Every structure is written in C-alpha cells, then in structure tokens.
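Here are some notes for a colleague who is opening this structure for the first time. They are set out as numbered points, to be read with the structure in view.

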Amino acid sequence: MDGKSTPPPTLDDALAALRRGEPIGLPTETVYGLAADAHNPAAVRRIYELKGRPSDHPLIVHVADALAASRWAGDWPQAAEALAEAFWPGPLTLILPRAANVPDEVTGGQDTVGLRVPAHPVAQALLRAFEGGVAAPSANRFGHISPTTAQHVRDEFGDAVPVVLDGGECEIGLESTIVDLSGETPRILRPGKISRPEIEAIIGPVAEGAAGDSPRASGTLASHYAPRAQVEVLARAPLVARYKELQKRGQRVAALLRGQPFKDIEGEVLPADLAGYGHALYAALRRLDARGFEVLLAELPPHTAAWAAVNDRLRRASAPRDADGT
Ligand code: TXA
Ligand code: MG
C-alpha cells in the first residue's frame with residue numbers, strides 16, 4: 001500500500017462506501033468503529049467476517065440523535081429519554097427492545113438492540129449526511145485491543161478496509177458505558193466513562209454485570225481487550241518485586257506505571273488522572289506489544305466507581321486466554 005501518494009479518504013468517500021455496502025473505519029470519542037449500513041444485512045455480515053467475530057454477538061447501531069435512536073427501538077421508556085437527554089451525544093449505549101425492522105444480523109438474533117449517539121464531530125457529520133444507522137463494533141479483530149487512532153485501524157485491517165476516516169486520537173479511549181433498559185431493572189453491562197453514580201443520579205438504582213440469562217456479549221467475555229503479552233495487575237511495591245524476579249528469569253517484561261516512573265523499570269508511564277489514563281491506555285498496550293514484551297505488569301489503579309472502566313479493562317486484559325488467543 002502506498003499511503004503517501006493516496007489522498008486521505010473524505011466524508012464523501014465514506015458515504016459512497018457505506019452505500020455500496022462496504023465497512024469503513026469511523027472515529028468516535030470512545031474508540032474507532034468498523035461501521036456499515038445497519039439496514040444492509042450483507043454489509044453487516046462483512047463486519048463479522050472482517051473482525052473474525054462470531055455472528056451471534058450483537059452490534060451497536062450508531063445514529064445522529066435520540067429521535068433517530070427511538071426509531072430503532074420497539075419501546076422508548078422514560079429512562080431512555082432521561083439518559084439520552086443527560087448523556088447524548090456521548091459515550092453511552094442503551095440496550096432496548098428492538099424495532100421490528102432491525103435486521104437479525106445487527107442484533108445477533110436477539111430481541112434487543114444496542115443504540116448510541118456518538119459525540120465525535122466526524123461521526124456526527126457522517127451520521128447526519130448518511131441519514132441512517134450504522135452498525136459499528138470497535139474496529140479491531142475479535143479479542144484484540146480496541147483502536148484509538150486511524151493508524152491502529154489500518155494496522156488491524158490493511159487493504160481490506162480502504163476507507164478509514166481520520167478523526168485524530170479518541171479523546172476518551174475506552175468503550176462506551178452500556179446500560180440495559182430491556183429488563184425489569186436497569187443494568188450496567190459494561191462500565192465506561194459515564195460511571196454508575198452518574199447513571200443512578202438520572203434513573204435511580206441500577207444493577208451491575210450481566211444477568212444470569214443475558215445474551216452472550218463479547219465485551220463480557222473474561223479475556224476480551226487483550227494484548228498479546230501476558231498482563232498482571234499489581235500495586236507498585238509488588239510490581240517492582242515481580243519485575244525484578246521476571247527479569248532475573250530472563251523474561252521480556254515491561255511495566256505500565258501510573259503517574260510516576262520508577263528507576264530501572266522499563267515500559268510506559270501513563271498519566272495519573274483518569275481522563276489522561278483512559279485516553280492513553282490502549283495505545284500504550286499496543287506499543288508495548290509491538291516491542292515484543294512477553295509480560296506486562298500494570299500498576300493497580302484506584303478502586304473507585306469512577307475508575308471502574310479502567311479496572312474492568314485491565315482485569316479482562318489479564319484474564320487467562322483460550323488457546324486460540326481470543
Ligand atoms: O464505545 C463503543 O461502544 C464502541 C464505539 C465504536 O461506539 N463500540 C463498541 O462496540 O465497543 P463492540 O461491538 O466492540 O462492543 C459492544 C458491546 C458488545 O459486548 C456487544 O455484545 C454489546 O455491546 N451489545 C450490543 N448490542 C447488544 C444487545 N442487544 N444486548 C446486549 N449486549 C449488546
Ligand atoms: Mg469491541
């Protein structure tokens with residue numbers, strides 16, 4: 001690929017690709033999405049093919065505003081209206097009963113649909129011009145780390161996804177908070193920047209984690225969001241001890257520290273504040289992976305509600321993997 005002589009794709013290129021049924025790389029404020037026309041089943045099937053993702057995993061439909069979102073839902077309860085009013089456009093996904101015309105390819109055959117109104121100006125411009133919904137999972141191969149730059153998307157898919165809109169680095173850097181409003185009690189299925197207390201301030205008490213009978217959702221698989229290297233999460237003092245021990249054994253080990261560097265410890269230092277840390281985390285994991293480290297020791301973040309999304313992603317990154325790496 002000769003990236004230098006080809007001009008970067010424009011919004012019109014992206015719209016034309018969507019209308020032809022081809023997935024595109026789309027920046028959002030959380031992570032980049034692999035977006036396709038949600039009313040085109042063949043285009044949505046192509047997303048699953050490209051990602052190598054099982055086709056019973058549902059996708060989020062992205063639309064320009066809450067009114068458009070309500071048309072994809074079979075029911076639009078007061079809680080949806082209140083959360084949309086408070087947090088859209090923004091990093092929140094609502095799970096609602098699906099409207100009758102939502103393709104099975106989008107919902108993974110379930111009777112619910114995930115809906116989000118992204119805030120990123122490029123995503124907003126695209127959705128307004130497209131006038132439909134785009135189904136978009138994170139633009140990574142199944143089980144990989146979500147992309148937070150256009151280059152990450154190109155690294156994942158190469159020529160198979162020629163149109164990647166470049167919206168710069170994703171500001172938030174962690175996937176959206178998912179709130180399931182389809183059951184009796186609202187439930188947070190995936191923590192994100194919008195925290196549980198912020199949700200509860202709008203709609204009252206919510207449950208957390210997947211319900212026992214809930215559908216399979218890839219973001220809820222234990223080992224999702226994993227770099228190639230093995231990840232361990234430790235407080236600073238045990239981290240330093242473990243680093244030295246692994247180094248002595250000849251392992252290629254790096255640390256992902258928070259706030260302060262540590263003498264003779266190699267790796268990356270992420271900002272101490274939550275916004276800076278979330279923004280930088282996935283890119284740092286990708287860089288350390290690219291350097292070929294076998295083990296990454298991540299410094300344990302604070303255990304507060306605000307840091308729940310970071311703790312969740314580090315826990316998944318450190319979970320034992322299946323033999324196939326997913
Ligand atoms: O921030 C985000 O949400 C990003 C950007 C691109 O918008 N998207 C994203 O999509 O993270 P994805 O597919 O990587 O993760 C979406 C999660 C998956 O775990 C999926 O199973 C779950 O949302 N999901 C989607 N629709 C659902 C539904 N109807 N019921 C339960 N879970 C659902
Ligand atoms: Mg994903």
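## Notes on backbone, core and helix packing

1. D264 is a good place to begin: with a relative accessible area of 63%, this residue is exposed. D264 sits in the loop that joins β11 (253–258) to β12 (267–270), and, although D264 is not a glycine, its phi is positive, at about 65°. The model is a predicted one, and the backbone values in these points should be read as belonging to that prediction.

2. E131 belongs beside D264 in this review, since most residues other than glycine have a negative phi. The phi of E131, a residue other than glycine, is positive and near 60°. E131 is placed in the loop between α6 and β6 (134–135), and at 72% relative accessibility it counts as exposed.

3. A further backbone feature concerns the peptide bond from W88 to P89, which is cis, with omega near -5°; most peptide bonds, by contrast, are trans. P89 is part of the loop between α4 and β4.

4. Which residues touch the most other members of the largest nonpolar core? They are L92, L94, L115 and I199, in a core that has 44 residues. At least two residues of this core come from each of β2 (33–37), α2 (41–51), α3 (66–72), α4 (78–87), β4 (92–97), β5 (112–116) and α7 (150–157), and the largest share, 5 residues, is supplied by α2.

5. L94 deserves a closer look, for, once its neighbours within four places in sequence are set aside, it is in contact with W76, A80, L83, W88, V113, G114, L115, V179 and L181. Apart from the core described above there is another, of 23 residues, which includes A229, A254, W307 and V310.

6. Helix α4 packs against helix α8 (residues 196–203) with the axes 9 Å apart and at an angle of about 125°, and the two helices are therefore oblique to each other. Their crossing is right-handed. On the α4 side the contact is made by A79, A82, L83, A86 and F87, and on the α8 side by E198, I199, I202 and I203; taken together, the residues of this contact divide into 8 nonpolar, no polar and 1 charged.

7. A second helix pair is formed by α1 (residues 11–20) and α6 (residues 121–130), whose axes come within 10 Å and cross at roughly 50°, so that α1 and α6 are likewise oblique to each other. The crossing in which α1 passes α6 is right-handed. In α1 the residues L11, A14, L15, L18 and R19 meet V122, A125, L126, A129 and F130 of α6, and the residues of this contact comprise 9 nonpolar, no polar and 1 charged.

8. D13 also lies in helix α1, and because its relative accessibility is 36%, D13 counts as partly exposed. Not counting residues up to four places away in sequence, D13 touches P8 and V163. D13 and V163 are 150 residues apart in sequence, while their C-alpha atoms are 7.2 Å apart in space.

9. Is A305, in the loop between β13 (295–299) and α11 (308–318), buried, partly exposed or exposed? At 40% relative accessibility, A305 counts as partly exposed. Beyond its neighbours within four places in sequence, A305 is in contact with S195 and P197. The C-alpha atoms of A305 and G52, which are 253 residues apart along the chain, are separated by 33 Å.

Terms used
Residues are numbered from 1 along each chain as its sequence is written. Chains are lettered from A and ligands numbered from 1 in the order in which they are written. This is a predicted model: local features need pLDDT of at least 70, side-chain atom pairs count only at pLDDT 80 or more; totals for chains, interfaces and linings use all residues. Side-chain values use heavy atoms; hydrogens and water are left out. Axes are lines fitted to C-alpha atoms, for helices over the stretch in contact, and angles run from 0 to 180 degrees between N-to-C directions. Helices (H or I, at least four residues) and strands (E, at least two) are DSSP runs, numbered from the N terminus. Angles under 35 degrees count as roughly parallel, over 145 as roughly antiparallel, 65 to 115 as roughly perpendicular and the rest as oblique. A crossing is left-handed if the near helix is turned anticlockwise from the far one by less than a right angle, and right-handed if clockwise. Contact means heavy atoms within 4.5 Å. Ala, Val, Leu, Ile, Met, Phe, Trp, Tyr, Cys and Pro count as nonpolar, Asp, Glu, Lys and Arg as charged, and the others, Gly among them, as polar. A nonpolar core is a set of buried Ala, Val, Leu, Ile, Met, Phe, Trp, Tyr and Cys residues joined through side-chain atoms within 4.5 Å. Buried means under 20% relative accessible area, exposed over 50%, partly exposed in between (1.4 Å probe, protein chains only).
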